[in-house]
Amino acid sequence: MDVHCTTCGEPWDVYHLRHDAIFETDLSHDEAKAWTELSQALRLRPRYREKFRAAGYEFGGSVLNVIRCPACPKGAVPDPDTAVLKATIVEMLGDDEDGIASIMEEHGL
Ligand SMILES: [Zn+2]
């Protein structure tokens, strides 16, 4: 399943976001591996958000809500309507990542 970047529309594989993207940051291998075991809330603590931002990723309330990604053109801004819609989906479904992924895919978000 794919979800799309709010800013540039690039498709991102859900598995990649949940399990692999963390290894693109400068966290140690052990720390990145430990990250994949954390709950959704802990995975987006400020320390991790900072690491992801340095690697080009910016997420909303879930790692499945890609607001910016490494493929974004410099200076591009997120689509405001899509941003609101995606935030609402994440808020409604909470920790249900499979649900978030399938709704976003269904709507091409
Ligand atoms: Zn992007």
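**Exercise 1. The nonpolar core**

Find which residues have the most contacts inside the largest nonpolar core, and which helix gives the most to this core.

Step 1. This is a predicted model, in which local features need pLDDT of at least 70, side-chain atom pairs count only at pLDDT 80 or more, and totals for chains, interfaces and linings use all residues. Residues are numbered from 1 along each chain as its sequence is written.

Step 2. A nonpolar core is a set of buried Ala, Val, Leu, Ile, Met, Phe, Trp, Tyr and Cys residues joined through C-beta atoms within 7 Å. A residue is buried if 20 or more other C-beta atoms lie within 10 Å of its own, exposed if 12 or fewer, and partly exposed in between, with C-beta atoms placed from the backbone.

Step 3. The largest nonpolar core has 22 residues, and Val-3, Leu-64, Val-66 and Met-104 have the most contacts inside it. At least two residues of this core come from each of α4 (46-54), α5 and α6. With three residues, α6 gives the most. Helices here are DSSP runs (H or I, at least four residues), as are strands (E, at least two), numbered from the N terminus.

**Exercise 2. The two sides of α6**

Sort residues of α6 into buried and exposed.

Step 1. Helix α6 spans residues 97-106, and Ile-100, Ala-101 and Met-104 are buried in this helix. They lie on the same side of α6 because they cover an arc of only 95° around the axis, taken from the directions from the helix axis to the C-beta atoms.

Step 2. Asp-98 and Glu-106 are exposed on the other side of α6.

Step 3. The cover over the buried residues of α6 includes β1 (2-4), α1 (14-20) and α5 (80-93).

**Exercise 3. The packing of α5 and α6**

How are α5 and α6 oriented relative to each other?

Step 1. The two helices pack at an angle of about 150°, with axes 9 Å apart. Axes are lines fitted to C-alpha atoms, for helices over the stretch in contact, and angles run from 0 to 180 degrees between N-to-C directions.

Step 2. α5 and α6 are therefore roughly antiparallel (angles over 145 degrees; under 35 is roughly parallel, 65 to 115 roughly perpendicular, the rest oblique).

Step 3. Lys-86, Ile-89, Val-90 and Leu-93 in α5 meet Gly-99, Ile-100, Ile-103 and Met-104 in α6; contact requires C-beta atoms, placed from the backbone, within 7 Å.

Note on methods
Two residues are in contact if their C-beta atoms, placed from the backbone, lie within 7 Å.
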